[in-house]
Amino acid sequence: MMANKVSVGHQFSGVRLQTGRPARIVGQAYSLYHGRPVSDADFQPRRTRYENTGQLQLLHRSYNAGTPTTVEPSVGNARLSQTNTQDVDIQDLTSQLKVPLYKQLIGNTAMVDLSSLSANPQVKILGKCEFANPSGSIKDRIADHILTTAEAEGKLKPGGTVVAATSGNTGASVAMISAMKGYHYIVITNEKTSKEKCDAMRSYGGEVIIAPSGVPADHPDHYQNMAVTLCKENSDYFDVDQYDNPNNPEAYYRTLGPEIWMQTKGRVSHFVAGGSTGGTISGTGRFLKDMNPKIKVMLPDPVGSVFWDFWANHRAEKDLEAKSYQCEGVGKDSIPGAIDFDVVDDMMQVTDKQSFTMCRSLAQKEGMLVGGSAGLNLHAAVEISKTAKPGSVIVAILADNGVKYLTKIYNNDWIKAKSFDEGSPDPQAHLVDAPLKTARSAGVTYNPASEEPSANGPAKRPTAAPEARKAMANEWISPDFAGMGI
C-alpha cells in the first residue's frame, strides 16, 4: 500500500490541494514522496487554484486501485477562472451561469419511459413527471398562471389575501406561489386530504382550514362553498376558483400540451389524465387535438366519482350521486366549469385498490414514488396498451409525489385496514359500472355553467375556432424547450 501511495503522490505532486478528507488522503501520499509533512500552506488557495472534485475523485480511485493516473488541471470539473472573483460583476454572474429562480423551475418536466408496464412490446407508455415541479405536483402550473393573470388584471392587489379550495395539491402550489409573491393565503381542504399535504400547505406561513368530508356539494360546509363565502365577506380576498376558472385549462394549453407534443416529437397517440377540476384533461387534450385530431384522450375516473355517470350515462348533474373513495386529487362530487367533456374520447372506471397497487408496484420495480392519481393513470394506460395499435405512444400524467402519501398509500397498515392489500378482495369491485367506455353516443347533457341543456362541456371553455387555436398552439410552442429531453 505504501508503494501505491508514493506513486500516486508523485503523479499529483503538482496539483494544489484543498482541505477536506479526500485531500488529506492525497496529502499523506504527497508527504511520503517528498519526505516532509504536509503543512497548512499546501492547502491554502491561491489566486489560480483547482477546486476540482473531479480530479480528486480520479486521484482517490487511482489511490485505491494502486494504478498511477495522470490528470491535467482541466480534467474533471470545469476549471475555475484565473481571474480574481472580485473582478467579476456579481449581477452579470447570475446571468452568465444561467441560474434560475425557484419559481422558474415550474414546468418543462421530464418524460420517462415506462414501457416495461405495457401489455404490448410494440406500444410505448411514457410518464410525464409532473411530481418534479417545485411543490411536488402538477398544480404549480395553474397556481402560477392564475395568480399572475389576476395581478395583471388588477384582481389581486398588493396586501391582498389568496383563497383556494383544494384537495391538497393546488393548496400547496398556491401557498408556495403566494409566499414567493408576498401574499397571505388561506387554503380550505377536507378531512380526506393526507396529513403530509396539510402540513405542506401550512409550511409556507399561511392558514389551512379543514372542512368535513362527505358533505353534499351544495352544503355551506363543503370546502368549495366555504371559499366562496370567505371571498364574498372580504373584498380584498382573491378566490383562485380553480374548479371554474378558465385560466386553469388555459395554463395547460399553454404549457403542458406543448411540452408533450415536443417531447414525443408529435408521436403521441393517447393522452391519459384523471380529472378533478378538469383543467389538465381539457387544456392539454384540446392542445393535442388541435395539433392532431386523431390523438385519443382518456379520462380514467375513480370509482365513486360522478364524472363517469355524467359522461357515460348522460345523467344530469342534479341527479348525480358521489360515493366514497380514497384516491386523492382526482374525481369529483359535482361537475366543474373548467372541464370540457368534448375533448374526452374514452373513460374508464378504476378502483382505489387498482390505483394504489400500481403505485406500490412502480415504487418496487421502477424506483418511482408517485401519488394515487398517477397509479390511476398508469393502470388505464396499461389497459389501453392491450388493444392499441403497434407503434402507439401513450402518455400518462404522474401528477404528484408519493412522499405526500407515506401515511396512506405507502403505509402497509393503512393499506391492510382498507382491504387494499394483495390478499383481500377489491372492496369496490361491485361498484364498477363498466371498465371502459369509448365513443360516447351523441346526446344532450346538463351544462353546469349555464344550468341549461347544451352540447357537452361548460360554456366557460375557450370558444376560438379550431384554426385560430392551432395558430395559437404553434405560437405557444415557440419558446426554447432546451432541457426537456427533446
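How exposed is Met 180? Keep that in mind as you look through these close-ups of a predicted model.

**View 1. Met 180 shares a nonpolar surface patch with Tyr 102 and Leu 105.** Met 180 turns out to be partly exposed, with a relative accessible area of 35%. You will find Met 180 in helix α6, which covers residues 169-181. Together, the three residues of the patch offer about 290 Å² of accessible area.

**View 2. Asp 144 and Lys 103 are joined by a salt bridge.** The closest N and O atoms of this pair are 3.4 Å apart. Asp 144 belongs to helix α5 (residues 140-152) and Lys 103 to the loop between α4 (90-97) and β1 (111-113), so their contact ties together parts that are 41 residues apart in sequence. Asp 144 counts as buried at 18% relative accessibility, while Lys 103 is partly exposed at 29%.

**View 3. Glu 153 meets Lys 155 in a salt bridge.** Here the N to O distance is 3.3 Å. Glu 153 is partly exposed, with a relative accessible area of 48%, and Lys 155 is exposed, at 54%.

**View 4. Glu 328 pairs with Lys 408.** In this salt bridge the closest N and O atoms lie 2.9 Å apart. Glu 328 sits in the loop between α12 (307-312) and β9 (346-350), and Lys 408 in the loop between β10 (393-398) and α15 (412-417), so the bridge ties together parts that are 80 residues apart in sequence. Glu 328 is buried, at 6% relative accessible area, and Lys 408 is buried at 13%.

**View 5. Salt bridges link Lys 128, Glu 130, Arg 141 and Glu 259 in a network.** For the wider picture, the model's salt bridges number 18.

Definitions and conventions. Residues are numbered from 1 along each chain as its sequence is written. This is a predicted model: local features need pLDDT of at least 70, side-chain atom pairs count only at pLDDT 80 or more; totals for chains, interfaces and linings use all residues. Side-chain values use heavy atoms; hydrogens and water are left out. Patches are made of residues with over 30% relative accessible area and no salt bridge: like charges are joined within 9 Å, nonpolar side chains (Val, Leu, Ile, Met, Phe, Trp, Tyr) within 5 Å. Accessible areas come from the Shrake-Rupley method with a 1.4 Å probe; for residues, only the protein chains shown count as cover. A salt bridge is a side-chain nitrogen of Lys or Arg within 4 Å of a carboxyl oxygen of Asp or Glu. Helices (H or I, at least four residues) and strands (E, at least two) are DSSP runs, numbered from the N terminus. Buried means under 20% relative accessible area, exposed over 50%, partly exposed in between (1.4 Å probe, protein chains only).
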